[in-house]
Amino acid sequence: MPIAELAHETDFDGWRKAARAFRLAGAEPAAVRFVVAGSAGETGSLFDSAHPRFRGDERKEKEIQFTVAKAFVDVAQEVILHRSTDRFDLLYRLLWRLRDEPDLMKVVSDRDVADAMERAKNVSRASHKMKAFVRFRAIQDEAGETYVAWFEPAHRVLEKTSGFFVRRFTTMRWSILTPDGSCFWGPASAGTSGGELSFGPPANAADAPQDDEIEEFWKTYYASTFNPARLKVRTMQGEMPKRYWKNLPEASLIAELVAASHARTEVMVASPHTEPNARLAKAIARSVRDGSYEEGFVASDLEALRHGVQACRRCPLYSDATQGVCGEGPKKARLMIVGEQPGDQEDLVGRPFAGPAGEVLDAALEEAGIDRAEVYVTNAVKHFKHEPRGKRRLHRTPATSEVSACRWWLDQERRLVRPKVTLALGGTAALGLLGRPVAVTRERGQRLSLSDGSTAMITVHPAYLLRIPDAEARGRERALFVRDLKAVRDLL
Ligand code: URA
């Protein structure tokens, strides 16, 4: 039986060369084997003369040229990262069948195709979970501060996912240790560009530090973003599967928060938060320290813009807020919705429209047939302006100078996202969008042209609906709000 020896568990190039050569030689799937060099259980006997061992590069390149559908290559590159031991065989079976069934990858009901798709999906999910659940802990070494994380991915996605962390934490020095291998990032030194990403051997949990201040940061962050009014235990477990809990500092809070959620819902409704979250604010300030803000900073993408907003000092509002709240949504959304400024909840959670006005907006969007997940939602002003009143933080309308200062960011968001339609909610949003004072009742619902050729519309702010005491009047105003949203939907 011909055996191909692959250099390591995710050796896609090795598998591809060997599989191509097998197929050209007419070797049926049942007649070939793929093994990983040095893997447990593979003894010398496997490679004795009765089993000629095949290495991918033994044949000349020119003899192994044929093309396969890109759809197969894309799936195969993911499937190879799956932990199942028979993945190489499954892929070879598909490659073999593609010879006579060139459109095989389109037959999603086929067992092999469905199996490969499912495994590719598992891998992609594991990568997604890694992005969400890697938790760095700060340590000092001879070169200064560095961040280390221990993570156990469900599949072998370290290399595939490392680019995400490089983009996200470009200016930090960090390592991610996993049982499959380790990954190290060293940022470029001051005044130079680039940085260096390298990979090393598998690690143990004990190689990573166990706790530090950042641990507290994650706990505080999670506790503040946990919304008991929206608690759905099964959804939460789906998003944060138990297998990841042991390495998540904040997981220790889950049982406690779930148990307390009923009481907290009542408390939350009755008493809004009273102060900025100082610990979170400090941790965020530290995380942006290296990317200190320069007047005139132009962001190349939304991630850079997020950093710019955190470091922004264009007006004094940053000083009393927990954090700057950037927009969120697809980077090429066709609709952008602009609110006024983050409120109390948004300031703590770091997401626009996450509190009561957000609930009104979400319900109205749904009724109008607009999926919020497809909308880029942001605010004219990125920091929460408020004043303390007893134990509460009371909303204050931003001044024209603050809205003007923050147009810098809104304009950049619009330049990067390039929405077809931008909807301003209320007067402050309209001022930020159009750069002139707007009488909402007069201009509401009209199609306005923006300088980039796209369309703007204005409607009321959802918080206005919340403030109408009379239920009937509120119902009428809400219906008009939904009507405006439907008009926006039609423009799209
Ligand atoms: N109100 C706004 O205008 N924006 C938010 O993000 C929340 C409340």
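Guide: Let's start with a yardstick: a residue is buried when its relative accessible area is under 20%, exposed when that is over 50%, and partly exposed in between. Keep in mind that what you have in front of you is a predicted model.

Visitor: Okay, let me try it. Is D362 buried, partly exposed or exposed?

Guide: D362 has a relative accessible area of 27%, so it is partly exposed. D362 also forms a salt bridge with R372, and the closest N and O atoms are 2.9 Å apart. This pair links distant parts of the chain: D362 sits in helix α12, while R372 is in the loop between α12 and β10 (375–379), 10 residues apart.

Visitor: And R372, is that one buried or exposed?

Guide: R372 comes out at 16% relative accessibility, so it counts as buried.

Visitor: How do I recognise a salt bridge in general, and how many does the structure hold?

Guide: Look for a side-chain nitrogen of Lys or Arg within 4 Å of a carboxyl oxygen of Asp or Glu. The structure holds 30 salt bridges. One of them joins the side chains of D112 and R93, at 3.2 Å from N to O. That pair, too, connects distant parts of the chain, with D112 in helix α4 (residues 111–133) and R93 in helix α3 (residues 87–98), 19 residues apart.

Visitor: How do D112 and R93 rate, buried or partly exposed?

Guide: D112 is buried, because its relative accessible area is 13%. R93 has 31%, so it is partly exposed.

Visitor: Which residues are linked with D112 and R93 in a network of salt bridges?

Guide: The network of salt bridges links R93, R97, E101, D110 and D112. Try picking out those five residues in the model.

Visitor: What about R396: which side chain does it meet in a salt bridge?

Guide: R396 meets the side chain of E387, at 3.7 Å from N to O. R396 is partly exposed, with a relative accessible area of 37%, and E387 is partly exposed as well, at 26%.

Visitor: Which residues gather in the patch of positive charge on the surface?

Guide: Those are K131, R167, K331, K332 and R418. A residue can join such a patch only with over 30% relative accessible area and no salt bridge. Let's check two of the members. R167 lies in helix α5 (residues 158–168), and its relative accessibility is 58%, so R167 counts as exposed. R418 is in the loop between α13 (400–417) and β13 (421–425), and it counts as exposed because its relative accessibility is 65%.

Visitor: What is there to see in the backbone of R418?

Guide: Its phi angle is near 50 degrees, a positive value in a residue other than glycine. F353 gives you another case: its phi is near 50 degrees, again positive in a residue that is not glycine. F353 lies in the loop between α11 (344–349) and α12 (356–368). F353 has a relative accessible area of 6%, so it is buried, whereas R418 is exposed.

Visitor: Let's turn to polar contacts. What does the side chain of Q323 reach?

Guide: For a polar contact, you want a pair of N or O atoms within 3.5 Å. The side chain of Q323 reaches the backbone oxygen of D347 at 2.9 Å, and the backbone oxygen of L348 at 3.2 Å. Q323 itself is found in the loop between α10 (302–311) and β9 (335–339). Along the chain, Q323 and D347 are 24 residues apart, yet their C-alpha atoms are separated by 6.2 Å. Q323 is buried, because its relative accessible area is 7%.

Visitor: Which side chain does the side chain of S454 contact?

Guide: The side chain of S454 makes a polar contact with that of D452, at 2.7 Å. You'll find S454 in the loop between β14 (448–449) and β15 (455–459). S454 has a relative accessible area of 8%, so it is buried.

Visitor: One last spot. Where is A208 found?

Guide: A208 is in the loop between β8 (195–200) and α6 (213–225). A208 counts as buried because its relative accessibility is 6%. To see how sequence and space can part ways, compare A208 with R137: they are 71 residues apart in sequence and 8.3 Å apart in space, C-alpha to C-alpha.

Definitions and conventions
Residues numbered from 1 in each chain as written. Predicted model: local features only at pLDDT ≥ 70, side-chain atom pairs only at ≥ 80, totals over all residues. Heavy atoms only, no water. Patch = residues over 30% accessible without salt bridge, like charges linked within 9 Å, V, L, I, M, F, W, Y side chains within 5 Å. Areas by Shrake-Rupley, 256 points an atom, 1.4 Å probe, with all protein chains shown as cover. Lys, Arg positive; Asp, Glu negative; His and termini not counted. Charge placed at Lys NZ, Arg CZ, Asp CG, Glu CD. Helix = DSSP H or I, 4+ residues; strand = E, 2+ residues; numbered from the N terminus. Buried < 20%, exposed > 50% of the residue type's maximum accessible area, 1.4 Å probe, protein only. Polar contact = N/O pair within 3.5 Å; in protein donor to acceptor, adjacent residues only side chain to side chain.
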